[in-house]
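Trainee: I have a structure open and would like to learn how to read it. Could you walk me through it, beginning with how strands pair up?

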Amino acid sequence: MAELTVSDVTLGYEGRAVVKGLSFTVESGDYLYILGENGSGKSTLIKSLLGLHPVMAGSIQRGDGLEQDEIGYLPQQTDVQRDFPASVLEIVRSGLAGRCGLRPYYTKAEKTLADENMERLGITHLSRRCYRELSGGQQQRVLLARALCATQKMLLLDEPVAGLDPGASEEMYQLVDKLNQEGTTILMVSHDLQAAGKYARHILRIGEPLFWGTKDEYLEWQKGEMKDA
Amino acid sequence: MLETLQLYFSYPFVRYALIVGVLIALSSSLLGVTLVLKRFSFIGDGLSHVAFGAIAVATVLGVSNEMVVVMPVTILAAVLLLRTGKNTKVKGDAAVAMISVGALALGYLLMHLFSTSTNLSGDVCSTLFGSTAILTLSSLDVWICVIVSVLVMVVFLLFYHKIFAVTFDETFAEATGLHAGRYNLLIAVITAAVIVLAMNLVGSLLISALIIFPALSAMRLFKSFRAVILCSAVLSVVCATAGILVSILGSTPVGSTIVAMDIGVFILCWIVGKVSRR
């Protein structure tokens, strides 16, 4: 069974449907790009996938041993975070908080896991630095390391290159690609068609019309759409 | 000066005041950092007015120990305020404003209509600014203060990592299996408890100052969450102790003296932060 099976889902707020008839699956190790205009229901979809917002109709099923709290999330930055006094180490370790239950401290194994993830993302040398003084690209790496502390199975990234310069964006894409090759399933929400063409295995387009398929199918379909228009 | 202090400290109520003051300062400063960062400072302000209303009701009803009434009412209000922040038509800040000024007005009205005291404005003033309350604590008050503030500190230590996670990023925490709603509730309940305690020290109008100033001062100086919390606790205790001592020596009102200390320290920290960042 696929890690995520979304069947005939209707998404919306306060009884008003934004997306109807949405169906797609995500296999383990997949790299899915989620494209869509602002207001197309992307953020509602994210919340529903994370289990924070109920779907209005249809179902989202998890399989292949994926639990609800095993989708690591890389959110867009909030105002609160921009001037938050916290060290990189504190933030990376906070990804572990969900797995402790009522235990008030982190075990040695958990701290080692945090160290390993910082090493993987090349931010070990920043561990004592203050988060708000880092560059945008470095901040994203910190949040990525935090997400990896919560889970290695699936990452959901919400426009991770928004506000980054081209160099930092490219680094970010390569980093995510590396994680994908090491076995993490990636769901990437983005505007960036070029990067989608380069890295995606599947593409989901939200809005009118809906589309879900492999990258090549998407490119074919897009040509067809353009002809019609 | 030392002799005067020695003389004062031979009275148990002065010792009580100092113990209670330090404990309240400590627990409110721990919480302050989280409240400021979560943009919840205004909830503290609203709750303190609710507590004032509750005191008025308790006075009118002639309840012998006010805290027994005020504590549960304020905690209930905290829970309600948190709920309204999310789903209702009245948005969070408007709800807080409504409840807080409402409680303030009705509280004063009740006291005015039913109070048997001969010095009404004195009573109101001391509830709002905490002028003498700290020096007239009964031993039951002291025990409640000690127990509740120790409880607040224990809860804070036990849930420190989770409180950090929820404060920094609620959505992420929720997605990875922390029940952010529960921790927000926990934070609101502790806030209510701290506010009721702090009313004894600085009165209901000045509580916010006690909660936010040490946190804001510490944030000027330090860059990690733990350092900010520790610094905020130290500053708060130092200011409270100094404020109480100065107010005894100079017979100034306790609450506003402590807050004046807090403001002074904040300005100092702000300058140091500006200079060291250059």
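Mentor: Happy to. Let's begin with one pair of residues: A:Leu32 stands opposite A:His202 in β8(A). Keep in mind that this is a predicted model.

Trainee: In what sense do β3(A) and β8(A) pair, and over how many bridges?

Mentor: These two strands pair in the parallel sense, over four bridges. Now look at the pairing of β3(A) with β7(A), residues 185–190 of chain A: this is also a parallel pairing, over five bridges. To find the register, pick out the partners: A:Ile34 faces A:Val189 in β7(A), and A:Leu35 has A:Ser190 as its bridge partner.

Trainee: Which sheet do these strands belong to?

Mentor: Follow the neighbours across and you get an open sheet of six strands in chain A, ordered β5-β6-β7-β3-β8-β9, with mixed pairing. At its edges are β5 (71–74) and β9 (211–214) of chain A, each of which pairs on one side only. Ignoring direction, neighbouring strands are turned by 15 degrees against each other on average.

Trainee: Which helices pack on this sheet?

Mentor: One is α1(A), which touches β3, β5, β6 (154–158) and β7 of chain A, and its direction makes about 155 degrees with that of β6(A). Another is helix α8 of chain A, residues 215–228, which touches β8 and β9 of chain A and makes about 130 degrees with the direction of β9(A).

Trainee: Are the residues of β3(A) buried or exposed?

Mentor: Count the neighbours: a residue is called buried if 20 or more other C-beta atoms lie within 10 Å of its own. In β3(A), residues 31–35, five of the five residues are buried. Both faces of the strand are covered, with A:Tyr31, A:Tyr33 and A:Leu35 on one side and A:Leu32 and A:Ile34 on the other.

Trainee: And what about the other sheet in chain A, how is it ordered?

Mentor: Three strands of chain A form an open sheet in the order β2-β1-β4, with antiparallel pairing. Its edge strands are β2 (16–26) and β4 (57–62) of chain A, each pairing on one side only. From one strand to the next, the twist averages 30 degrees. For a closer look, take β1(A), residues 4–13, which is joined to β4(A) by five bridges. Within β4(A), A:Gln61 is the residue opposite A:Thr5. Helix α1(A), residues 42–49, turns up here again: α1(A) lies across β1, β2 and β4 of chain A, at about 125 degrees to β1(A).

Trainee: How should I think about a hydrophobic core?

Mentor: In soluble globular proteins, nonpolar side chains tend to be buried together. Here the largest nonpolar core has 155 residues, and those touching the most other members are A:Leu32, A:Leu156, B:Ala51 and B:Ala198. Helix α10 of chain B, residues 180–202, supplies the largest share of this core, 14 residues.

Trainee: Which residues does B:Ala51 touch?

Mentor: Leaving aside residues up to four places away in sequence, B:Ala51 touches B:Val70, B:Thr74, B:Ile195, B:Val196, B:Met199 and B:Ser204.

Trainee: How many residues of each chain are in contact with the other chain?

Mentor: 27 residues of chain B are in contact with 25 residues of chain A. On the chain B side, the elements giving two or more residues are α7 (139–158), α8 (160–168), α9 (170–175) and α12 of chain B. The most come from α8(B), with six residues. By type, this side of chain B divides into 16 nonpolar, five polar and six charged residues.

Trainee: How do I check the length of a helix such as α12(B)?

Mentor: Compare the expected span with the model. α12 of chain B has 26 residues (225–250), so at 1.5 Å a residue it should span 38 Å, and the end C-alpha atoms are 37 Å apart, which agrees.

Trainee: What follows α12(B)?

Mentor: Next comes B:Ser251, with a positive phi near 35 degrees, although B:Ser251 is not a glycine. This serine lies in the loop between α12 and α13 (254–277) of chain B. B:Ser251 is exposed, with 7 other C-beta atoms within 10 Å.

Trainee: Where is A:Asp64 found, and what is its phi?

Mentor: A:Asp64 sits in the loop between β4 and β5 of chain A. Its phi is positive, about 60 degrees, although A:Asp64 is not a glycine. With 15 other C-beta atoms within 10 Å, A:Asp64 is partly exposed.

Conventions:
Residues are numbered from 1 along each chain as its sequence is written. Chains are lettered from A and ligands numbered from 1 in the order in which they are written. This is a predicted model: local features need pLDDT of at least 70, side-chain atom pairs count only at pLDDT 80 or more; totals for chains, interfaces and linings use all residues. The expected span of a helix is 1.5 Å times one less than its number of residues. Two strands pair if DSSP finds at least two bridges between them. Axes are lines fitted to C-alpha atoms, for helices over the stretch in contact, and angles run from 0 to 180 degrees between N-to-C directions. Two residues are in contact if their C-beta atoms, placed from the backbone, lie within 7 Å. A nonpolar core is a set of buried Ala, Val, Leu, Ile, Met, Phe, Trp, Tyr and Cys residues joined through C-beta atoms within 7 Å. A residue is buried if 20 or more other C-beta atoms lie within 10 Å of its own, exposed if 12 or fewer, and partly exposed in between; C-beta atoms are placed from the backbone. Ala, Val, Leu, Ile, Met, Phe, Trp, Tyr, Cys and Pro count as nonpolar, Asp, Glu, Lys and Arg as charged, and the others, Gly among them, as polar.
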